[in-house]
Amino acid sequence: MEKFSKWRDQGTGIQPFLQPVPARSEQQGLKRLLNAAKKYVVGPVVAAVRVALLGALAVVDAATATVGGALGVVPSVKRGWTRCTRALWARIALLVLGFYRIDAKAVSLQRGRRSANGKKPSSTDGGVRSGDIVVANHVSYVDILYLVAKYTPVFVEIDNATMFARPISPWQAIRAPAKATPALLQATEARPLKSITEEARAKRLGPVVVFPENATSNGRALLQFLPVFGEFGNLDEKTNIHVVGFKYPFQSFSPAYSVGNQAAHLFGLCCQVYNSLTVRMLASDEAPRVAESPMFCDSDAEPVDLDDAVADRLLHLTRLRLTKMSAMDKRDFLAFYYKRTKGYGSTGSTDSSARTSSGGPPTI
């Protein structure tokens with residue numbers, strides 16, 4: 001779309017914000033008829049059932065969270081209850097959405113490499129502990145469900161100026177892609193990432209998930225990373241960094257969500273008979289280490305720029321290209337898009353939803 005050409009990355013030619021659509025070869029002949037039948041006949045019936053099940057899961061999650069609150073007098077019991085129940089509901093939600101089989105595996109970027117025990121990396125757990133940092137690209141609210149099912153982590157929102165962060169709930173993280181990325185966080189809410197990882201470690205709250213793009217892309221490329229680890233106040237020497245990459249192969253409707261009405265996208269996702277998700281986790285001993293940063297490395301060692309190292313690993317892990325588009329560019333794009341489509345979207349508030357009256361996300 002020419003009217004959105006301002007947000008096409010000059011270096012790669014990729015538009016990272018518009019909702020992706022299938023190749024034209026997938027929209028011709030019999031495939032087109034089958035897709036139409038699925039979209040307008042079978043899909044709505046399947047989606048209605050799935051949406052009802054998701055609503056029931058939300059009610060059950062709220063009920064179990066209330067029970068967990070009553071167990072708060074014993075923090076370890078509350079944490080165990082929350083991890084078990086929330087992880088279970090997230091796994092069921094993924095099944096309801098049609099993610100019956102998720103292609104998840106640990107990989108090495110060194111060809112032919114084997115671990116110390118002589119075996120190839122196989123576990124996607126990667127020894128992730130409370131207080132560790134999981135760095136991932138952000139493509140959809142489905143990312144959140146997977147991470148909750150896998151780790152029940154702490155999610156954070158990053159301040160684009162100070163690089164400090166504030167913890168948010170899983171529900172807030174699910175809704176975040178539908179909102180304009182806040183340019184700044186309230187000064188009273190933003191904290192050094194180190195204080196969040198230390199708290200997570202002490203209270204066994206799980207790992208801390210950081211999306212350095214600070215906004216969702218459409219999955220065709222990566223957005224510019226915020227220099228989160230360039231702020232020394234964010235560095236915790238006891239924290240291990242784990243790198244995770246998400247991709248969503250699709251034929252007719254993409255699970256990636258970057259713009260548009262989130263409810264409409266969810267309904268379209270539920271119309272699919274099945275959906276696909278590919279997850280790649282970098283072998284833990286190949287991930288950048290905080291101890292290698294200029295702040296902690298030995299005087300005779302070559303310091304490592306953690307932000308560059310994380311970006312390099314994630315680029316190779318996802319096999320995507322890095323654009324010069326940032327979260328702030330997406331903020332401007334959303335304001336322009338909703339103005340042109342006569343929808344509603346505010347970029348001046350941290351809790352303003354990006355909504356549209358057109359009923360669905362735009363497409364390339």
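1. Before anything else, a word on pairing: two strands count as paired if DSSP finds at least two bridges between them. By that rule β2 and strand β5 (residues 208-210) are a pair, because three bridges join them. The two strands run parallel, and V135 sits across from V210 of β5. Keep in mind throughout that this is a predicted model.

2. On its other pairing, β2 (residues 133-136) goes with strand β6 (residues 241-247), again in the parallel sense, this time over four bridges. Two places to look when you click through it: V134 is opposite H242 of β6, and A136 has V244 as its bridge partner in β6.

3. What about the side chains of β2, buried or exposed? I133 and V135 point one way, V134 and A136 point the other way, and all of them are buried. That goes for V135, the residue opposite V210, as well as for V134, the residue opposite H242.

4. Zooming out, β2, β5 and β6 belong to an open sheet of seven strands, in the order β1-β7-β6-β2-β5-β3-β4 and with mixed pairing. The edges are β1 (103-107) and β4 (165-168), each of which pairs on one side only. Ignoring direction, neighbouring strands in this sheet are turned by 30° against each other on average.

5. Now the charges. The structure has nine salt bridges. One of them is between the side chains of R86 and D61, at 2.8 Å from N to O. R86 is in helix α2 and D61 in helix α1 (residues 29-70), so the contact links distant parts of the chain, 25 residues apart. D61 counts as buried because its relative accessible area is 7%, and the cut-off for that label is under 20%.

6. Edge strand β4 brings us to another charged spot, around R166. Its side chain meets that of E157 in a salt bridge at 2.8 Å, N to O, and both of these residues are buried. R166 also meets E189, here at 3.6 Å, N to O. Since R166 lies in β4 and E189 in the loop between α4 (170-175) and α5 (193-203), this second pair ties together parts that are 23 residues apart in sequence.

7. How accessible are the two ends of that R166 and E189 pair? R166 has a relative accessible area of 15%, which makes it buried, whereas E189 is at 35% and counts as partly exposed. Salt bridges with shared partners join E157, R166 and E189 into one network, so I'd look at the three residues together.

8. On the surface, L95, Y100, V273 and Y274 make a nonpolar patch of about 420 Å². L95 comes from helix α2 (residues 75-96), the helix that also carries R86. With a relative accessible area of 44%, L95 is partly exposed.

9. Last stop, helix α6 (residues 262-271). Which of its residues are buried? They are Q262, H265, G268, L269, C270 and C271. At the start of α6, a side-chain oxygen of N261 comes to within 2.9 Å of the backbone nitrogen of A263.

Methods: Residues numbered from 1 in each chain as written. Predicted model: local features only at pLDDT ≥ 70, side-chain atom pairs only at ≥ 80, totals over all residues. Heavy atoms only, no water. Buried < 20%, exposed > 50% of the residue type's maximum accessible area, 1.4 Å probe, protein only. Polar contact = N/O pair within 3.5 Å; in protein donor to acceptor, adjacent residues only side chain to side chain. Patch = residues over 30% accessible without salt bridge, like charges linked within 9 Å, V, L, I, M, F, W, Y side chains within 5 Å. Areas by Shrake-Rupley, 256 points an atom, 1.4 Å probe, with all protein chains shown as cover. Salt bridge = Lys/Arg side-chain N within 4 Å of Asp/Glu carboxyl O. Axes fitted to C-alpha atoms, helices over the stretch in contact; angles between N-to-C directions.
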